[in-house]
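New notebook page. I'm going through this one from the outside in, jotting down what I look up as I go.

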Amino acid sequence: MSDEGAHVLLGLSAVSLARWLASVWSSRIRRDSFVRVGKVSELNIFPVKSCPGIPLQTAKAEITGLVWEDMYDRQWMLARPNGDFLSQRHYSRMALIRVSSHKDDIHLDAPGQTTLVLKKNPPVDKSRFIMTRVWGLHVLGMDCGDEAAHWFQKFLQTEEGVRLVVSSGSMPKKDSSKEIKPWGNPAQPGDLALFSDFGGFLVMNEASLDALNERLEKKVTFRTFRPNIVISGCEAFAEDCWDELRIGDTNPLSFRILDPCTRCVLTTVNPDTGERNKDRQPLETLKQFRCFPTYGNDPIFGVNAALDNTGSIKVGDSVYALRKRSSS
């Protein structure tokens, strides 16, 4: 090798070493910038989109969301014949459907209905595939059959021809990064979910709910807002300033905060009666103090999050936050 070549190689090596050292130093700074903000106080999984959830003490956390007893978050969904998703926005009585786990099956129970039994992860059958749509994204679902469809049609008192679909096994999942949002979409390619509105996780803060309830005549619970992870021990609306979260002390889970969760008429459904509140609460109160120009006329409450690794999560886990950098 010539002297000139040796000098070039040494120069490149020095640059690479400097870049590596800078990366290590930056990573250390970021790690040291995480501060403990509280602990996990609630975990909830919602196997059927827009039906009540199941409170948990522990769960697996995968890229697509929480997993418990081989059930995935928002794994089932109700859809119109044209594939458009349905929820409590359309049928508030969905709030009365109870979902439970029984070995390889899930059971759906509702007032006046016999129990609907479904396999948790049925074999993939391409002949039953239906292309559904969750807001702006197309998501492949598999039809759960006529029995399930008739069960929902009877309980919801509709002749619309609604169908229940499931995302099972190796079926393609929704890539949240492909959704178009007016304020921009911070999700990255590979941020997957099943039939959730956006990302794999919805995170909320106990103190924020307390701050809302201070303004309400009739108090509400997290059942109204349907979070997967609830955090206690931090200030009200601290989540507005979070950029990343780490949950747990051993092999912590690493979450990226995507954006705030905008709230709609679904929050006006009473989870005990399945009826809409005539005074449109708590939505109207949220509009009084949680609307921001960036997000239009819908108030924000809670944050959407994506997970960069997998592991376990439990109630009581410590939560650490990396705050957003100041724009000043």
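How much area does the chain expose, and what share of it do carbon and sulfur atoms supply? I get about 16400 Å² exposed, with carbon and sulfur atoms supplying 51% of it. Note to self: this is a predicted model.

**Entry: the whole chain**

I looked up the overall make-up next. The chain has 328 residues, and buried ones make up 49% of them. I count four helices and 22 strands. I also checked how far apart in sequence the contacting residues are. Taking contacts between residues at least 6 apart, 69% join residues that are at least 24 apart.

**Entry: strand β1 and its partners**

Which strands does β1 pair with? I started with β22, residues 318–323, which pairs with β1, residues 35–45, in the antiparallel sense over four bridges. In that pairing I find G38 opposite V319 of β22.

Then I went to β17, residues 229–232. β17 also pairs with β1 in the antiparallel sense, again over four bridges. Here L43 stands opposite I229.

Strand β2, residues 54–56, is another partner: three bridges join β2 to β1, and the two run antiparallel. I noted N44 of β1 facing P55 in β2.

**Entry: a four-stranded sheet**

In what order do the four strands of the open sheet come? I read the order as β5-β4-β3-β21, with antiparallel pairing. At the edges sit β5 (71–72) and β21 (311–314), each of which pairs on one side only.

I then walked through part of this sheet. Strand β3 (residues 58–62) and strand β4 (residues 65–68) share three bridges and pair in the antiparallel sense. K60 has V67 in β4 as its bridge partner, and A61 stands opposite L66. β3 and β4 form a hairpin, with two residues between the strands.

One step along, β4 is joined to β5 by two bridges, and this pair is antiparallel too. W68 stands opposite M71 in β5. β4 and β5 make a hairpin with two residues between them, and I marked E69 in that turn for its positive phi of about 50°.

**Entry: the cysteines**

How many disulfides does the count come to? Zero. I wanted to know why, so I looked at C261 and C264. For C261, the closest cysteine sulfur is the one in C264, 8.2 Å away, which is too far for a bond. A disulfide would need the two sulfur atoms within 2.5 Å. Starting from C264 gives the matching answer: its closest cysteine sulfur is in C261, at 8.2 Å, too far for a bond.

Are these two cysteines buried or exposed? C261 counts as buried because its relative accessibility is 13%. C264, at 23%, counts as partly exposed.

**Entry: T267**

C264 led me to T267, since the T267 side chain reaches the backbone oxygen of C264 at 2.8 Å. Where does T267 lie? I find T267 in the loop between β19 (253–262) and α4 (283–289). With 3% relative accessibility, T267 counts as buried.

What is T267 in contact with, leaving aside its neighbours within four places in sequence? My list reads T224, F225, Q281, P282 and L283.

Technical notes:
Residues numbered from 1 in each chain as written. Predicted model: local features only at pLDDT ≥ 70, side-chain atom pairs only at ≥ 80, totals over all residues. Heavy atoms only, no water. Buried < 20%, exposed > 50% of the residue type's maximum accessible area, 1.4 Å probe, protein only. Pairing = 2+ DSSP bridges. Polar contact = N/O pair within 3.5 Å; in protein donor to acceptor, adjacent residues only side chain to side chain. Contact = heavy atoms within 4.5 Å. Areas by Shrake-Rupley, 256 points an atom, 1.4 Å probe, with all protein chains shown as cover.
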